[in-house]
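Okay, thanks everyone, I'll keep this short. Let me put the structure up, and then we'll walk through some strand pairing and some charged contacts.

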Amino acid sequence: MGKGRVVLTSIPGGGAEGSAATPPDADASGARPGGHARPSSSAAEIGQRARIWHVVLNVAGRVTALPALKRGLEQLAHEHPPFLTARYAADHAEIRYWEQADTLQDAAALALRLWGEHRVSAELPPWEVVGLEVVDRPTYHQRIAEGFAEPPAFLGGVHPY
């Protein structure tokens, strides 16, 4: 138990010389020699890194009864709380919502899975994703301010075209 002792620093109580939060060779900010900070993945820190993305997801397929489609979209809105609004017709729908993710690629991946992951539980038709737009929050608001995009016709809810 002398100088050759291995010190675990990634679990609480793992180090006698340094705390679990700060390795023995790190400064008070958690940075190690060479300027590299210790990787972190606490929920609070992930939330601080994540950005907000505006997503427009377009789906289409075979004609579906409108009352059943509306019920399915309303259930989707209930299952996916950041749901903003949806417009629908018998053979297509547009879903607009905000997504929280670190990168555009992460937000797009989540959006592309949304319909399939909720298809059974929300009783959605077996449609496919035919369009996707993902923009960050500042870009979305800039587009609206400059008149290049309009805010959704309805704020919240599920409405026919």
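So, let's start with strands 1 and 3. Strand 1 and strand 3, the latter being residues 92-101, run antiparallel and are joined by ten bridges. And just so we're clear, this is a predicted model.

Strand 1 covers residues 51-60. How many of its ten residues are buried? Seven of them, so strand 1 is mostly covered, taking buried as under 20% relative accessible area. Strand 1 also pairs with strand 4, residues 128-136, again in the antiparallel sense, this time over eight bridges. If you want a spot to click on there, Leu57 has Leu132 in strand 4 as its bridge partner.

Back over on the strand 3 side, find Asn58: the residue standing opposite is Glu94 in strand 3. I'd like to stay on Glu94 for a moment. Glu94 makes a salt bridge with Arg87, and their closest N and O atoms are 3.1 Å apart. Is Glu94 buried or exposed? With a relative accessible area of 9%, Glu94 is buried, because the cut-off for that is under 20%. Arg87, at 27%, counts as partly exposed. There's a third player here too: Arg87, Glu94 and Arg96 are linked in a network of salt bridges.

Right, how many salt bridges does the structure hold? Six. I'll show you two more of them, both in helices.

One is in helix 2, residues 66-79, where Lys70 and Glu74 sit four residues apart, about one turn of the helix. Their closest N and O atoms are 3.9 Å apart, which still makes a salt bridge because the cut-off is within 4 Å. For exposure, Lys70 comes out at 32% relative accessibility, partly exposed, and Glu74 is partly exposed as well, at 38%.

The other is in helix 3, residues 104-118. Glu117 and Arg113 are four residues apart there, so about one helical turn separates them. They form a salt bridge with the closest N and O atoms 3.1 Å apart. Which side of the cut-offs do these two fall on? Glu117 has a relative accessible area of 52%, so it counts as exposed, the limit being over 50%. Arg113 is at 40%, which puts it in the partly exposed class.

So, to leave you with one picture: Glu94 is buried, stands opposite Asn58, and is linked with Arg87 and Arg96 in that salt-bridge network. Okay, over to you for questions.

Methods
Residues numbered from 1 in each chain as written. Predicted model: local features only at pLDDT ≥ 70, side-chain atom pairs only at ≥ 80, totals over all residues. Heavy atoms only, no water. Salt bridge = Lys/Arg side-chain N within 4 Å of Asp/Glu carboxyl O. Helix = DSSP H or I, 4+ residues; strand = E, 2+ residues; numbered from the N terminus. Buried < 20%, exposed > 50% of the residue type's maximum accessible area, 1.4 Å probe, protein only. Pairing = 2+ DSSP bridges.
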